[in-house]
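Reader: I would like a close look at one part of this model, starting from a single residue and working outward. Please keep to what can be computed from the atoms.

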Amino acid sequence: METVISYFESIPSAHRSLILVLGISFFWILEGAVPLFKFNYRKWRHALPNFFFTLTTIIVNFALAFLLLKTSDWVQANDFGIINWLPEMPLWLYVLLGVLLLDFFGAYLAHYVEHKVKPLWMVHLVHHSDQEVDTTTANRHHPIESLIRFAFTLTGVFLVGTPIGIVMLYQSLSLVATQFTHANIRLPRNVDKALSWVLVSPDMHKVHHHYVLPYTDSNYGNIFSIWDRLFGTYMELERDSIVYGVDTFPDRKENSSVSGLLKQPFHKYRRPTTVEVPGKDTP
């Protein structure tokens, strides 16, 4: 574990880029072998706007990375943060708790807030308006959302007290996890279900991309499924019943245009449709 953390403390930018490229390439190939849905689309044409927003996400995170480094250095120097206030523990547990808590602040909490605050939902809409979800959808985030997500991650680093090695490990795991959960792949149902007890599985996250509430407002997790199960936001839906997109923003041309997507956060808010779920009260 010391070797792993030592590596991520000084992971070269080229290696981080390689993780991104290899992840997309691997799941892209896997999508062709075991697709969940047989989309009637031009895969490369669909990927282009998603790659554009992946690039803007990289630029935002790269430009602000020094803040993560400064913050993680400060919390370590001052023995500040949740994992530093706990009794001494084995390194593997220290790392696991660090990643787990960063996943809460940087992913689950950020995601939850984006769905509950209307102006933030309009920004996050860019991600949800993809009507053919695949591995390229993973980092389809408006630049404003990239700033919001970064702010939550930075807050997490400060509150959790994570050293930079754990921060970089978390970000690398988060990247691969989101590529995996968005990938248009069909795992055996029992495998997917078993996986979802610990990690966010593809079927679990696809429920979140269903086009109507309350499914859209569920399964916010990124790496670990514990947060959804703990806070009651976990939901299931038969995979073949899932329809991607957002019912109030159905324009395929706008949803596949970089210029249209850049303007999307500035549309007037449109209240999504809520459907009844058997055995569950709906607002």
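Author: The starting point is S174, which sits in helix α8. The model is predicted. S174 has a relative accessible area of 13%, and because the cut-off for buried is under 20%, S174 counts as buried. Setting aside neighbours within four places in sequence, the contacts of S174 are N222 and I223.

Not far along the chain from those two partners is N219, which lies in the loop between α10 and α11. N219 is buried, and its relative accessible area is 0%. Its backbone is also worth a remark: phi of N219 is positive, about 50 degrees, although N219 is not a glycine. The loop between α10 (202-208) and α11 (226-230) also holds P214. The peptide bond that leads from L213 to P214 is cis, with omega near 5 degrees.

A second residue with a positive phi that is not a glycine is D79, where the value is near 50 degrees. D79 belongs to the loop between α3 and α4. Its relative accessibility is 47%, and since partly exposed covers the range between under 20% and over 50%, D79 counts as partly exposed. For N219, by contrast, the computed relative accessible area is 0%, and that residue is buried.

Helix α8 (164-182), the home of S174, is also part of the cover of another helix. It is among the elements that cover the buried residues of α7, together with α3 (43-77), α4 (82-85), α5 (91-116) and α6 (118-128). Helix α7 takes in residues 143-160, 18 residues in total. From its first C-alpha to its last it reaches 25 Å, close to the 26 Å expected at 1.5 Å a residue. The buried residues of α7 are E145, S146, I148, R149, F150, T153, G156, V157 and V160. After α7 comes G161, with a positive phi near 80 degrees.

The next loop to consider is the one between α11 and α12 (252-255), where V246 is found. V246 is buried, at a relative accessible area of 7%. Neighbours within four places in sequence aside, V246 is in contact with W121, L125, H128, S129 and Y211. For one of these partners, L125, a C-alpha distance is available: 8.0 Å from V246, with the two positions 121 residues apart along the chain.

T248 is found in the loop between α11 and α12 as well. Its relative accessible area is 17%; as buried means under 20%, T248 counts as buried. Its contacts, again without neighbours within four places in sequence, are R270, R271 and P272.

From there the path leads to F266, in the segment after α13 (258-263). Is F266 buried or exposed? F266 has a relative accessible area of 62%, and because exposed means over 50%, F266 is exposed. The C-alpha atom of F266 is 8.7 Å from that of P119, and 147 residues separate the two along the chain.

These pairs can be set against the figures for the whole protein. Among the contacts in the protein with a separation of 6 or more, 76% are between residues 24 or more positions apart. The protein has 13 helices and zero strands, and every element in the run from the N terminus is accordingly written as α. Of its 283 residues, 50% count as buried.

The overall dimensions complete the picture. The C-alpha atoms fill a box of roughly 50 × 40 × 40 Å along the principal axes. The radius of gyration is 19 Å, which agrees with the value near 19 Å for a compact globule with 283 residues. The protein exposes about 13700 Å², and carbon and sulfur atoms supply 66% of that area. As for charge, the protein has 23 positive and 24 negative charges, and their mean positions are 9 Å apart.

Key
Residues are numbered from 1 along each chain as its sequence is written. This is a predicted model: local features need pLDDT of at least 70, side-chain atom pairs count only at pLDDT 80 or more; totals for chains, interfaces and linings use all residues. Side-chain values use heavy atoms; hydrogens and water are left out. Helices (H or I, at least four residues) and strands (E, at least two) are DSSP runs, numbered from the N terminus. The radius of gyration is taken over C-alpha atoms; the globule rule is 2.2 Å times the number of residues to the power 0.38. Buried means under 20% relative accessible area, exposed over 50%, partly exposed in between (1.4 Å probe, protein chains only). Contact means heavy atoms within 4.5 Å. Accessible areas come from the Shrake-Rupley method with a 1.4 Å probe; for residues, only the protein chains shown count as cover. Lys and Arg count as positive and Asp and Glu as negative; His and the chain ends are not counted. The place of a charge is taken as NZ of Lys, CZ of Arg, CG of Asp or CD of Glu. The expected span of a helix is 1.5 Å times one less than its number of residues.
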